[in-house]
Number of protein chains: 2
Amino acid sequence: MNKINRKVEYALIGLKHMRAKQPGELTSVKEIATLYGVPFEATSKVMQVLASGGVIRSEQGAHGGYQVVRDLNRVSLFEIMEIVVGRVEIAKCLHEVENTCDLKTTCNVISPISSLNRRLIDFYKSLMVGELLESRTSVARTAEAHA
Amino acid sequence: MNKINRKVEYALIGLKHMRAKQPGELTSVKEIATLYGVPFEATSKVMQVLASGGVIRSEQGAHGGYQVVRDLNRVSLFEIMEIVVGRVEIAKCLHEVENTCDLKTTCNVISPISSLNRRLIDFYKSLMVGELLESRTSVARTAEAHA
DNA sequence: GTTAATCCCGACTAAAAGAGTCGGATTTAA
DNA sequence: TTAAATCCGACTCTTTTAGTCGGGATTAAC
């Protein structure tokens, strides 16, 4: 529970890497995959989604690649999560469309859960990716060699 | 992703129900199960865990049941989650014991992720169950009949 | 002391979500 | 034309989540 999605992780890895580049410089998925040891196809798909979400842009063809186009200090983790994994919702009963929870009429915690959901979203919205990627905690037990 | 565990949900349902009772009054799992339509066995197990965690206490035998023993305004959601689902950790690479992430040496986002994890924990720690269970949001689209 | 209601506990099965792979298509610099 | 890259859908494998089952232990009521 509460585990961060692998996709979000790949997104962060990619964003952190691309962010350090010169303006206009492109990064291929291959570059990211070999450098950080992440699976090529999976990472590739995440980049595509980030591109369609407008956070990065792609250039096709040989010598193509990706590049960050938005100011990551103004992109929240919430936005990344919505782009990469879809709706950020803590419980099924909050889902408008396919309302799958069958406790609806009897449940006594819809309000608390929906409240929790709102606060969690606020938390993620307040967290800017740029700032997050800069964090350098002393607790990281293993070196971040390529940072 | 980010979905709240069913177990946590049952815990909240049970706690909210028991909290409204007279001091000393016991609640059986059957009562909760029939009232809110939650599965008996699953809910039962959650209550046992909550009891072993010291949030509620159990009385065995006929006319037995559970009862809240701690001030829920001083019990954080973090505590409940740790009791009910175990370690609150956002990524495998943060897990000391079974360190399953194989990107460790190359990963460039350990610090950000561990930072995120800490903030999320702080968020959950700051959220008191008592206060949460009182929330009555206007957005709850379906009535909470038995509240 | 028997019964019925309750908590207690481990093992099991089924369903859903997560993670990754594969095949092939499209685009474009060289 | 070729090679390097993005693009995309379908598929499998694994892990997690959710729930069930069978039986055991405790205790109030009769």
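In this predicted model, the buried residues of helix 3 of chain A sit under a cover that includes helix 1, helix 2, strand 1, strand 2 and helix 4 (77-85) of chain A. The residues in question are A:Thr43, A:Val46, A:Met47 and A:Leu50. They share one side of helix 3 of chain A, because the arc they span around the axis is only 100 degrees. That fits the usual helix arithmetic: with 3.6 residues a turn in an α-helix, residues three or four places apart point the same way. On the face turned away from the buried side, helix 3 of chain A shows the exposed residues A:Glu41 and A:Ser52. As for its length, helix 3 of chain A runs for 13 residues and spans 18 Å from first C-alpha to last, close to the 18 Å expected at 1.5 Å a residue. After the helix comes A:Gly54, with a positive phi near 85 degrees.

Over in chain B, helix 3 has 13 residues and covers 18 Å between its first and last C-alpha, again close to the expected 18 Å at 1.5 Å a residue. Its buried residues are B:Thr43, B:Val46, B:Met47 and B:Leu50. These lie on the same side of helix 3 of chain B, since they take up an arc of only 100 degrees around the axis. Helix 1, helix 2, strand 1 (56-59), strand 2 and helix 4 (77-85) of chain B are included in what covers them. Turned away from that buried side are the exposed residues B:Glu41 and B:Ser52. Just past helix 3 of chain B, B:Gly54 has a positive phi of about 85 degrees.

Helix 3 also turns up at the DNA. Around DNA strand D there are 24 residues, of which A:Ser58, B:Arg6, B:Pro39, B:Glu41 and B:Gly61 come nearest. Two or more residues of that surface come from each of helix 2 (29-36), helix 3 (40-52) and strand 2 (65-68) of chain A, and from helix 1 (6-19) and helix 3 (40-52) of chain B. Helix 3 of chain A has the largest share, at three residues. Sorted by class, the surface near DNA strand D holds eight nonpolar, 12 polar and four charged residues.

For DNA strand C, the nearest of the 24 surrounding residues are A:Arg6, A:Pro39, A:Glu41, A:Gly61 and B:Ser58. At least two residues of the surface are supplied by each of helix 1 (6-19) and helix 3 of chain A, along with helix 2 (29-36), helix 3 and strand 2 (65-68) of chain B. This time helix 3 of chain B gives the most, with three residues. The class breakdown near DNA strand C is eight nonpolar, 12 polar and four charged. A:Glu41 thus belongs both to the residues nearest DNA strand C and to the exposed face of helix 3 of chain A. For B:Glu41, the corresponding pair is a place among those nearest DNA strand D and one on the exposed face of helix 3 of chain B.

Between strand 1 (56-59) and strand 2 of chain A, the loop contains A:His63. A:His63 has a positive phi of about 65 degrees despite not being a glycine. It is worth a glance in a backbone check, given that most residues other than glycine have a negative phi. A:His63 is exposed, with 8 other C-beta atoms within 10 Å. In chain B, B:His63 is found in the loop between strand 1 and strand 2, and its phi is likewise positive, near 65 degrees. B:His63 is exposed too, having 8 other C-beta atoms within 10 Å.

Zooming out to the whole of chain A, there are six helices and two strands, arranged along the sequence as α-α-α-β-β-α-α-α. Of the 147 residues in chain A, 39% are buried. Among contacts in chain A with a separation of 6 or more, 61% join residues 24 or more positions apart.

The largest nonpolar core has 80 residues, and A:Ala11, A:Ile80, B:Ala11 and B:Ile80 have the most contacts inside it. Leaving out residues up to four places away in sequence, B:Ile80 touches B:Val8, B:Ala11, B:Val75 and B:Val129. In soluble globular proteins, nonpolar side chains tend to be buried together.

A:Ile121, in helix 5 (residues 110-126) of chain A, is partly exposed, with 18 other C-beta atoms within 10 Å. Beyond its neighbours within four places in sequence, A:Ile121 is in contact with A:Phe78 and A:Val88. The C-alpha atoms of A:Ile121 and A:Glu79 are 9.9 Å apart, although 42 residues separate the two along the chain.

Technical notes
Residues are numbered from 1 along each chain as its sequence is written. Chains are lettered from A and ligands numbered from 1 in the order in which they are written. This is a predicted model: local features need pLDDT of at least 70, side-chain atom pairs count only at pLDDT 80 or more; totals for chains, interfaces and linings use all residues. A residue is near a molecule or strand if its C-beta atom, placed from the backbone, lies within 6 Å of it. Helices (H or I, at least four residues) and strands (E, at least two) are DSSP runs, numbered from the N terminus. Ala, Val, Leu, Ile, Met, Phe, Trp, Tyr, Cys and Pro count as nonpolar, Asp, Glu, Lys and Arg as charged, and the others, Gly among them, as polar. The expected span of a helix is 1.5 Å times one less than its number of residues. A residue is buried if 20 or more other C-beta atoms lie within 10 Å of its own, exposed if 12 or fewer, and partly exposed in between; C-beta atoms are placed from the backbone. The arc is that of the directions from the helix axis to the C-beta atoms. Two residues are in contact if their C-beta atoms, placed from the backbone, lie within 7 Å. A nonpolar core is a set of buried Ala, Val, Leu, Ile, Met, Phe, Trp, Tyr and Cys residues joined through C-beta atoms within 7 Å.
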